[in-house]
Amino acid sequence: MSFFNYSSTLFSGMSTGATSFTGMLGEYNQIKSGTYGRLLKAYYKKYNADGTAKSSATDKNKTTNKVKTSSDTVDTVKELDAVKNSATTLQTAAMKLAAVKEGSSSLYAKKTMVDKKEDGTTSTRTDYDYDTLVKSVQSFVSAYNDTLKSVGTIEASSVQQKTQWLTQVTGQYKDEFSAVGITVDKDGRMTLDEKAFREKDMTELQDFFEGTDSALGKLARQASNLAGAAELQSTRAASAYTAGGSSYKPDSMNSGTLFDSLF
């Protein structure tokens, strides 16, 4: 019996195992013949020792070279962390406005206000604290705009998707935001008209801002999702380097096969 016939008989009915074994033999032959090594050398020639892509004739005018990450993007850890931080700040600001609290602890409840007169004396009154509420809204608007700005250069699809969900909520409530003095421009950025805002009835503001199902509650959840996506991509970007941090392990070679240990 020839070796061919013997091997055919041995692996008959074991197509899965045979395919796997044959695949390993094929990869072994590639290593033995030098094909695998030449492929690696060709790939690594595209990168410097620090992991940055080598400049070509077409990108000499570029001031920086980004590193390819294991998420198949060119986003850097610094950029992704900026998105995570700004989105987390947005989440906190939105949750503060959406929080349902009882009594004077609520942003929308009347409080005892102390007024200082010109002669140095003081007087008290019970009224809504528009000053504190305006500061909270301003913090939210700034955080929202900062988040959109931080995402501007990000290419990771998961981060872009979460950003789209965030802006979709804003678009859904665009008219309601405008009604309380917060305009959303064509680029999605927010602007607070403080004068118009202070003229609104506090009950109207409370009805719009407060609650987990309000516009702010929904934006807080989407901001949390965005922060999580950016954090995950940042972790993957950091893992694109070897443990020593001195060389770059390309995404395509980060397969977890037994051949990774050879390089």
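A residue is called buried when its relative accessible area is under 20% and exposed when that area is over 50%, with partly exposed in between. The exercises below apply this cut-off, among other things, to a predicted model.

**Exercise 1. Decide whether T170 is buried or exposed, and describe its surroundings.**

Step 1: place the residue. T170 belongs to helix 6, the helix that spans 157-172.

Step 2: apply the cut-off. The relative accessible area of T170 is 2%, and because buried means under 20%, T170 is classed as buried.

Step 3: list the contacts. Once neighbours within four places in sequence are set aside, T170 is in contact with Y144, F177, V184, M190 and L219. For one of these partners, M190, which stands 20 residues away along the chain, the C-alpha separation from T170 is 9.5 Å.

Step 4: connect the partners to other elements. Y144 is in helix 5 and L219 is in helix 10, and both are listed where these two helices meet.

**Exercise 2. Describe how helix 5 and helix 10 pack, giving the angle, the distance between the axes and the residues that meet.**

Step 1: choose the descriptors. Two packed helices are described by the angle between their axes and by the distance between those axes.

Step 2: read the geometry. Helix 5, covering residues 130-151, and helix 10, covering residues 215-238, pack at an angle of about 35°, and their axes are 13 Å apart. The crossing of these two helices is left-handed.

Step 3: name the residues. From helix 5 come F140, Y144, T147 and V151, which meet L216, L219 and L226 of helix 10.

Step 4: sort them by class. The contact of helix 5 with helix 10 comprises six nonpolar residues and one polar residue, with no charged residues.

**Exercise 3. Determine which residues S86 and S136 touch, and whether each of the two is buried or exposed.**

Step 1: S86 is located in helix 4, residues 77-98, whereas S136 is located in helix 5.

Step 2: the relative accessibility of S86 is 11%, so this residue counts as buried; S136, with a relative accessible area of 6%, is buried too.

Step 3: not counting residues up to four places away in sequence, S86 touches A143, D146, T147 and S150. Of these, T147 also takes part in the meeting of helix 5 with helix 10. Leaving aside its own neighbours within four places, S136 is in contact with K96, L97 and L107.

**Exercise 4. Compare the loop residues G211 and T212: is each of them buried or exposed, and which residues does each contact?**

Step 1: G211 sits in the loop between helix 9 (202-209) and helix 10, and T212 has its place in the loop between helix 9 and helix 10 as well.

Step 2: G211 has 13% relative accessibility and therefore counts as buried, while T212, at 59%, counts as exposed.

Step 3: apart from neighbours within four places in sequence, G211 is in contact with A98, V100 and G217, and T212 is in contact with G217, K218 and R221.

Step 4: look at C-alpha separations across the sequence. G211 and K101 are 110 residues apart along the chain, with 9.8 Å between their C-alpha atoms; T212 and A99 are 113 residues apart, with 7.6 Å between theirs.

**Exercise 5. Find where A156 lies and how far its C-alpha atom is from that of V74.**

Step 1: A156 is found in the loop between helix 5 and helix 6.

Step 2: its relative accessibility is 1%, so A156 counts as buried.

Step 3: A156 and V74 are 82 residues apart in sequence, and their C-alpha atoms are 8.1 Å apart in space.

**Exercise 6. Summarise the whole chain, and state where the confidence is lowest and where it is highest.**

Step 1: the protein chain has ten helices and four strands, which follow one another in the order α-α-α-α-β-β-α-α-α-β-β-α-α-α.

Step 2: of the 263 residues, 34% are buried. The chain exposes about 16000 Å², of which carbon and sulfur atoms supply 52%.

Step 3: among contacts between residues at least 6 apart in sequence, 66% join residues at least 24 apart.

Step 4: the mean pLDDT is 78, and 63% of the residues reach 70 or more. Confidence is lowest in helix 1 (residues 3-11), with a mean of 43, and highest in strand 4 (residues 190-192), at 98. Over residues 1-16 the pLDDT is below 50, and beyond near neighbours in sequence this stretch has three contacts in the model. Residues 67-72 also have a pLDDT below 50, and this stretch has 29 contacts in the model beyond near neighbours in sequence.

How values were computed:
Residues numbered from 1 in each chain as written. Predicted model: local features only at pLDDT ≥ 70, side-chain atom pairs only at ≥ 80, totals over all residues. Heavy atoms only, no water. Axes fitted to C-alpha atoms, helices over the stretch in contact; angles between N-to-C directions. Left-handed = near helix turned anticlockwise from the far one by under 90°. Contact = heavy atoms within 4.5 Å. Nonpolar A, V, L, I, M, F, W, Y, C, P; charged D, E, K, R; others polar. Buried < 20%, exposed > 50% of the residue type's maximum accessible area, 1.4 Å probe, protein only. Areas by Shrake-Rupley, 256 points an atom, 1.4 Å probe, with all protein chains shown as cover. pLDDT = per-residue confidence, 0-100.
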